[in-house]
Amino acid sequence: MSEEKKEHKKEDFEPKIVGFLCNWCSYAGADLAGTSRIQYPPNVRIIRVMCSGSVDSMYILRALLEGADGVFVGGCHPGDCHYIDGNYKARRRTVLLENILGTLGLEKERVWLRWISASEGQKFADTMKDMTEAVRKLGPNPIAKHWNL
Amino acid sequence: MTHKVIKVKDNDVVGSANDFLSHLLSSGKIQALLVPQNTPSKKVAFPVLISDPKKLHADIVAPILPVSTAAIVSKMTKVQPPSKPLGVVMRSCQIRALIELVKLNQASLMNIVIIGVDCPGTFPINTYTEFPEKKTPTQFLLEVWTKKSDEAEKYFRSACQVCKDPVPTNADIVLGFYGADIEKEIFVEAHSEVGKNILQELSLEDEKEGKNREKAVKEIRNEKNKKRTVFLKEKEGIKGIDKVSEFFDKCVNCHNCRQACPICYCKECLFDSSVFDAEAYKFLRRAEIKGLFKMPNDALLFQLGRMNHMILSCVECGLCEQACPNTIPLMEVFIPAAENAQKEFDYHPGKDTSEKIPMIVYREDEFLEVGEK
């Protein structure tokens, strides 16, 4: 009975995802998804930033330590950055952050970096569906229970 | 490379090294020296800027690193480097840190003559100050060295025990103990044109047993490398939020580690900035999310955030750990993190000023799987 209840609970779990979207591509992509009335899970809380390269690892860590179940960073496709190379730098920074999270055994799978252009409303919606499902599978962020950080 | 020796007189290694340094200073080849010298109480040796050879009573062996020498060179050179050569006596970890600071535009090597010293390790400040053996730490270290025993190992800071490389690289002149019969001589090597020019004019004897030095350096590097590998394996256990939060539990968010770190150079650290000032309701709202909330907040965020900002340049000097008022063994986390992160970017901090810091460069055709899964 209790097993069943747990199972039921996991399905019920609605992940909270913090999304940092770049002003020029991914945010416009999300906008397009909205204006095109494409349905996608409401689990992502979007924060508009000027460039994926402006998202310091500290902000991603902050969201994770506060108990966000996932953090999404969306930037322009390589070569398309409004600031020439912000997304390339975001990519290196993500590699570094994932490496450190890996060393410390903190779930790096909760951090996603994806390229979504202003014309890819459908890709944004699909990515949000994929991420919500992937994070749902991971379960609630265990860090959320820790109040002594 | 020029190989010379300093003859050790009356079994006084430190004094003979001082004769060499004071000779260097009075020759006019360098205008001043930054070198560790014991304070009048003899309780601690600090880097001292010496311009008068008569006042030179340095102790280049003193096993203590109270502050980062690299940070001091940064302070002295970043506004305007000296107009005449300045000799700087440094341990290998501090030379590595200085190279990193040069890359970060926080120091200049112009007119800086790096005099590297072989370093078997340093003691924590308080061990040095209240040394339990009935001799000075320097005497003890030299005796242990002559006996080739590992008695000093237990006193060394943990970072020194697993030192990446105790032999200086990138120095102009190296004062070498490894492989030398230190009752008789210390090796002096020139590793650069600048060093060569300086040594040429000092009348020093040629090194006869160059092979000994080479072999001893290889041995000590192997030995330290083995210890570091064992350390890395042992510390693999700190994984998962339960263990990580327990590890940093004693952190009071004082930021001393950042203050002591040679790499953390930011005038205003992000973690001291107003980004972390917030209205009371925001604190209360955060408390509401988890039901309760430890103050001061964001200690772990500071640790992990700082790690993200400096780990690629981490030279593993262990000054962060030495600065911690609550003795958190920071190196247990920072050495594995540095090892993995630096490997990921194939980056070697302190190796070469021409090697770019990974976070300021990129290639279009790298890490293609990231962002495209």
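User: What makes the pattern of chain A an alternating one, written α-β-α-β-α-β-α-β-α?

Analyst: Read along the sequence of this predicted model, chain A goes α-β-α-β-α-β-α-β-α. The count fits: chain A has five helices and four strands. A helix here is a run of at least four residues, and a strand is a run of at least two.

User: How do you know whether the radius of gyration of chain A agrees with a compact globule?

Analyst: Set the value against the rule. For 149 residues, a compact globule would have a radius near 15 Å. Chain A has 16 Å, so the two agree. Along its principal axes, the C-alpha trace spans about 55 × 40 × 20 Å.

User: What makes a residue of chain A count as buried, and what percentage are buried?

Analyst: The test is 20 or more other C-beta atoms within 10 Å of its own. In chain A, 52% of the 149 residues are buried.

User: How do you know how far apart in sequence the contacting residues of chain A are?

Analyst: Take the contacts with a separation of 6 or more. Of these, 81% join residues 24 or more positions apart.

User: What makes up the side of chain A that touches chain B?

Analyst: A contact needs C-beta atoms within 7 Å. By that test, 33 residues of chain A meet 36 residues of chain B. Helix H3 (57-65), helix H4 (86-103) and strand S4 (111-115) of chain A each give two or more residues to this side. H4(A) has the largest share, with 12 residues. By class, this side of chain A has 17 nonpolar, eight polar and eight charged residues.

User: Why is the largest nonpolar core said to lie between two domains of chain B?

Analyst: The core has 147 residues. Val88(B), Leu98(B), Ile186(B) and Phe334(B) touch the most other members. Both domain 1 (2-233) and domain 2 (238-360) of chain B give residues to this core, so it lies between them. Look at Val88(B): among the residues it touches are Leu34(B), Val73(B) and Ile114(B).

User: How do you know which residues domain 1 and domain 2 of chain B bring to their contact?

Analyst: The centres of the two domains are 29 Å apart, taken over C-alpha atoms. The contact takes 27 residues from domain 1 of chain B and 21 residues from domain 2 of chain B. On the domain 1 side, helices H2 (69-77), H3 (92-103), H6 (158-161) and H8 (210-234) of chain B each supply at least two residues. H3(B) gives the most, with 10 residues. The domain 1 side divides into 17 nonpolar, five polar and five charged residues.

Definitions and conventions: Residues numbered from 1 in each chain as written. Chains lettered and ligands numbered in written order. Predicted model: local features only at pLDDT ≥ 70, side-chain atom pairs only at ≥ 80, totals over all residues. Rg over C-alpha atoms; globule rule 2.2 N^0.38 Å. Buried ≥ 20, exposed ≤ 12 C-beta atoms within 10 Å, placed from the backbone. Contact = placed C-beta atoms within 7 Å. Nonpolar A, V, L, I, M, F, W, Y, C, P; charged D, E, K, R; others polar. Core = buried A, V, L, I, M, F, W, Y, C linked by C-beta atoms within 7 Å. Domains from an automatic or database assignment. Lists of a residue's contacts leave out its neighbours within four places in sequence.
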